[in-house]
Amino acid sequence: GDNLYISCSATFLQLNASNISQTINQYTTSGSVNQRGGITIGGGYAYLTTSSELVYQLNATNISQLIASYSGIGNRLEAAVAYGNKGYVYTGGWDGFLYQLNSSNVSQLINKVNVGAVYYTPIVSDDYVFVTSGSGITYQLDANNISVIIASESTGGNFNSPSIANGIVYA
């Protein structure tokens, strides 16, 4: 059946979506699960970030199984993970970097690029990653190599995730 994933402090729960009083599995993280972006499900994995600057990758069908984690983010990881279809996931922290990790093993850093503090979750659309920095600049990056900046636009002091609909990015 379908699952519902929720977190409360450092506890991550997998519930039966047909009867949410039934806990299927749970996982306890080393820090509180970040509430700004939440939990991302993609490719059979559940991804989450914590206040202890860790990115977790768990088996989505049994979240008690840790697949991998990444600990190289320097300061205040609050953005959730954005799942892309190119084999990568993306997240950012207050250290000023957007991180590109291997989606099948998040312990593998592929790339990182300095875009300024990332408070909220980036979005992925086909070949691009869009992220808004705390300094008010929205970036369009190549999804395969985030060091390649396609375009950037000053969007003012923006503390939200960008959105995309019908080929238009809203920031």
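Where is the place of D126? In this predicted model, D126 is found in the loop between β12 and β13. Its phi is positive, at about 50 degrees, although D126 is not a glycine. Most residues other than glycine have a negative phi. The relative accessible area of D126 is 55%, so the residue is exposed, the cut-off for that class being over 50%.

The two strands on either side of this loop pair with each other. Three bridges link β12 to strand β13 (residues 128-132), and the sense of the pairing is antiparallel. Within this pair, V124 has V129 of β13 as its bridge partner.

Both strands belong to an open sheet of four strands, ordered β12-β13-β14-β15 and paired in the antiparallel sense. At its edges stand β12 (123-125) and β15 (149-154); each has a single partner strand, so one side of each is left without a neighbour in the sheet. From one strand to the next, the twist averages 20 degrees.

At the other end of the order, strand β14 (residues 137-142) is joined to β15 by five bridges, again antiparallel. Q140 is matched with A151 of β15 as its bridge partner. The two strands, β14 and β15, make a hairpin, with six residues between them.

A further open sheet of four strands runs in the order β4-β5-β6-β7, and its pairing is antiparallel. Here β4 (40-42) and β7 are the edge strands, each of which pairs on one side only. The twist in this sheet averages 30 degrees from one strand to the next.

Starting from the β4 edge, β4 and β5 are paired through three bridges in the antiparallel sense. T40 has Y47 in β5 as its bridge partner. Y47 also takes part in an aromatic cluster, together with Y45 and Y83. The structure as a whole holds eight aromatic pairs.

The chain then passes through the loop between β5 (45-49) and β6, where E53 lies. E53 has a positive phi of about 60 degrees, and it is not a glycine.

After this loop come strand β6 (residues 55-59) and strand β7 (residues 62-70), which run antiparallel and are joined by five bridges. V55 is placed opposite Y70 in β7. With two residues between them, β6 and β7 form a hairpin.

The description now turns to N25, located in strand β3 (residues 19-28). Is N25 buried or exposed? Its relative accessibility is 19%, so N25 counts as buried; the limit for that class is under 20%. The side chain of N25 makes a polar contact of 3.0 Å with the side chain of N62, and N62 is within the range of residues given for β7. Neighbours within four places in sequence aside, N25 is in contact with F12, L13 and Q14, and also with T61, N62, I63 and S64.

One further side-chain arrangement involves a charge and a ring. The charged end of K112 sits over the ring of F97, at 4.5 Å from the centre of that ring.

Definitions and conventions
Residues are numbered from 1 along each chain as its sequence is written. This is a predicted model: local features need pLDDT of at least 70, side-chain atom pairs count only at pLDDT 80 or more; totals for chains, interfaces and linings use all residues. Side-chain values use heavy atoms; hydrogens and water are left out. Buried means under 20% relative accessible area, exposed over 50%, partly exposed in between (1.4 Å probe, protein chains only). A polar contact is a pair of N or O atoms within 3.5 Å; within protein, one must be able to donate a hydrogen and the other to accept it, and residues adjacent in sequence count only if both atoms are side-chain atoms. Contact means heavy atoms within 4.5 Å. Two strands pair if DSSP finds at least two bridges between them. Axes are lines fitted to C-alpha atoms, for helices over the stretch in contact, and angles run from 0 to 180 degrees between N-to-C directions. Rings of Phe, Tyr and Trp (its six-membered ring) pair if their centres lie within 6.5 Å; planes under 30 degrees apart count as stacked, over 60 as edge-to-face and the rest as tilted. A charge sits over a ring if NZ of Lys or CZ of Arg is within 6 Å of the ring centre and within 35 degrees of the ring normal.
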